[in-house]
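Welcome! Please take a look at the sequence and structure below, and then we can walk through a few places together.

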Amino acid sequence: MTPASMPSISLSAVPETYAGALAFTVVEDKAWSGPLAAADKASGGALRRAADAARFKGEKGKIQLVLGAGEGLPARIVLCGMGKDSPSLLDLNRAGAQILATAATSGDESLSILPHDGSAATAALLVEGAAMRSYRFDGYRTRLKNEQRQSVTAIVGLCDDPDAGADDLEQAAARLAGHYLARDLKHEPANVLYPVAVAERVKAELEPLGVEVTIIDEARMEKEGWGSLLGVGQGSVRDSVVVALHWKGASGGAHKDPVCFVGKGVCFDTGGISLKPAGGMEDMKWDMGGAAAVSGLMKTLAARKAKANVVALIGLVENMPGGNAQRPGDIVTSLSGQTIQVLNTDAEGRLVLADVLWHAQEQYRPRFIVDLATLTGAMLVALGMEKAGLFSNDDELAAQIHAASEATGEYVWRMPMGEEYNKMLDSKEADMRNISAGRWGGSITAACFLERFIQKDQKWAHMDVAGVVWADKAKPMVGTGATGFAVRSLNKLVQDHYEG
Ligand code: BES
Ligand code: MN
Ligand code: ZN
């Protein structure tokens with residue numbers, strides 16, 4: 001395994017002389033003052049001339065690199081526009097990310113960012129965004145030239161009162177830790193991270209932070225009757241495994257009524273006997289993106305010692321077409337007792353989740369369950385790579401998730417469910433079939449399938465993250481590759497509504 005290394009992040013007072021690359025945030029059309037005006041003066045007006053020549057006024061999203069501004073100044077100065085209105089927390093994260101992108105491989109080892117308002121809180125958010133964009137999965141690139149690697153290893157927020165931002169920085173570090181873990185887990189190929197390897201990695205990451213880790217192995221699942229999940233894994237030589245992560249952080253030692261997150265962890269999805277076409281099949285290494293997000297979330301919650309009682313369950317399997325693989329037409333008995341006719345072995349995620357969801361309810365009686373799954377290709381058809389599909393039987397929970405997602409830029413869009421869709425899963429030979437009898441609305445019928453394993457009055461939401469766990473085209477905060485989607489929004493969900 002080759003985890004990405006995270007740059008160091010810190011806050012510091014504005015120094016006499018700057019070291020490394022330097023970035024200023026600039027408010028649109030506002031006279032330059034403070035350290036920015038001082039730097040311009042030291043440059044003999046070169047900064048201003050460069051900005052003017054580039055028609056840079058500080059517009060939101062605009063960025064201007066100035067090289068060689070003058071003697072005694074850093075060779076690389078970045079001006080980052082913030083627009084006229086006071087920026088949101090998300091705007092600040094994004095500005096930091098944008099700044100990092102201009103300096104990442106510059107050769108400079110440190111990047112200092114100086115916010116327009118000099119505040120420590122602002123600086124911490126800029127630094128956090130820069131660190132998010134810093135993520136590189138290049139541990140396997142043994143021939144990469146030094147100048148192709150990221151040079152920046154230290155990101156410093158310059159501000160008036162660094163001590164005032166100590167807590168902000170600690171919170172940012174906790175969010176980053178979970179975010180990086182989720183991205184690492186998605187990037188690692190399936191020969192390295194097969195189910196038991198994921199379980200071991202997650203245990204090694206989380207147990208030291210005080211998370212209780214329970215491994216549910218195949219022998220136990222066989223005894224208890226997890227027939228739906230085990231059916232998916234039986235075509236693989238790799239054992240299936242379920243990991244339960246419990247963070248008992250609620251004050252007063254309250255261990256009752258946890259909130260619960262469930263992740264689909266298909267370490268590789270070939271489709272099984274209903275084999276997928278070869279083109280693009282390599283993408284299915286991140287078919288454990290739901291499990292990765294949930295694991296990252298737990299790392300963030302534990303790292304910041306969230307005052308909440310939180311359980312996460314990840315169902316880890318490999319969907320392979322081996323000699324013992326399940327066949328189209330097989331009927332399996334799920335942990336809930338309901339029988340499922342498996343008409344397409346490529347609709348495996350829902351089979352995994354069916355048993356994990358049932359176990360979550362029987363074992364923990366949670367206040368809510370949110371599951372995350374790269375469940376359907378149809379999700380990409382519906383919402384593209386910008387938003388995840390959100391399905392829920394509870395308007396309040398759905399609204400809370402939506403608000404948290406808007407605030408963090410991990411966007412979701414509510415999708416419908418209903419009996420008209422659900423009935424397309426009825427089977428003449430078993431309690432249900434694992435694929436719809438109709439052709440359309442595949443993400444919705446998949447959600448309806450999951451709902452058949454949700455007990456009466458159980459608050460539940462399902463996020464189909466098939467389109468958002470991986471970015472082919474660069475996203476502002478994370479660039480390309482694994483996005484870490486939902487670590488930050490679900491952390492915010494817990495923080496805003498389920499702590500204390
Ligand atoms: N993991 C896939 C869904 C997926 C496809 C995610 C492409 C991301 C990109 C899932 O297991 C799957 O194969 N779903 C099938 C369901 C179908 C057989 C009803 C699909 O979407 O084609
Ligand atoms: Mn599949
Ligand atoms: Zn899958």
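What arrangement do the six donor atoms form around the zinc ion (ligand 3)?

## The zinc site

The arrangement is octahedral, because the six donor atoms around the zinc ion (ligand 3) subtend angles of 79 to 174 degrees. For six octahedral donors, ideal angles are 90 or 180 degrees. Keep in mind that this is a predicted model.

Coordination of the zinc ion (ligand 3) comes from Lys264 (NZ), Asp269 (OD), Asp287 (OD) and Glu348 (OE), at 2.0 to 2.4 Å. Along the sequence, these donor residues follow the spacing K-x4-D-x17-D-x60-E. Asp269 also links two metals: it bridges the zinc ion (ligand 3) and the manganese ion (ligand 2), which are 3.2 Å apart. Lys264 and Asp269 are both buried.

## Around ligand 1

Ligand 1 is surrounded by 17 residues, and the closest are Lys276, Asp287, Asp346, Glu348 and Gly377. Asp287 and Glu348 are also zinc donors.

Several polar atoms meet oxygen atoms of ligand 1. A side-chain N or O atom of Asp346 is 2.8 Å from one, and a polar side-chain atom of Glu348 lies 2.7 Å from one. Gly377 uses a backbone N or O atom, at 2.7 Å.

## The nonpolar cores

The largest nonpolar core has 60 residues, of which Leu245, Phe261, Leu316, Val370, Leu372 and Met463 touch the most other members. Helix α9 (residues 289–303) supplies the largest share of this core, eight residues. A separate core has 46 residues, including Leu229, Val317, Ile369 and Met379.

Beyond its neighbours within four places in sequence, Met463 is in contact with several residues, among them Val370, Leu372, Leu390, Ile401, Val412 and Phe485.

Note on methods. Residues are numbered from 1 along each chain as its sequence is written. Chains are lettered from A and ligands numbered from 1 in the order in which they are written. This is a predicted model: local features need pLDDT of at least 70, side-chain atom pairs count only at pLDDT 80 or more; totals for chains, interfaces and linings use all residues. Side-chain values use heavy atoms; hydrogens and water are left out. Donors are N, O and S atoms within 2.8 Å of the metal (3.2 Å for Na, K and Ca); water is not among the atoms, so sites may look incomplete. Four donors count as tetrahedral if all angles lie between 85 and 135 degrees; four count as square planar and six as octahedral if opposite donors are over 155 degrees apart and all others between 65 and 115; anything else is irregular. Buried means under 20% relative accessible area, exposed over 50%, partly exposed in between (1.4 Å probe, protein chains only). A nonpolar core is a set of buried Ala, Val, Leu, Ile, Met, Phe, Trp, Tyr and Cys residues joined through side-chain atoms within 4.5 Å. Helices (H or I, at least four residues) and strands (E, at least two) are DSSP runs, numbered from the N terminus. Contact means heavy atoms within 4.5 Å. A residue is near a molecule or strand if one of its heavy atoms lies within 4 Å of it. A polar contact is a pair of N or O atoms within 3.5 Å; within protein, one must be able to donate a hydrogen and the other to accept it, and residues adjacent in sequence count only if both atoms are side-chain atoms.
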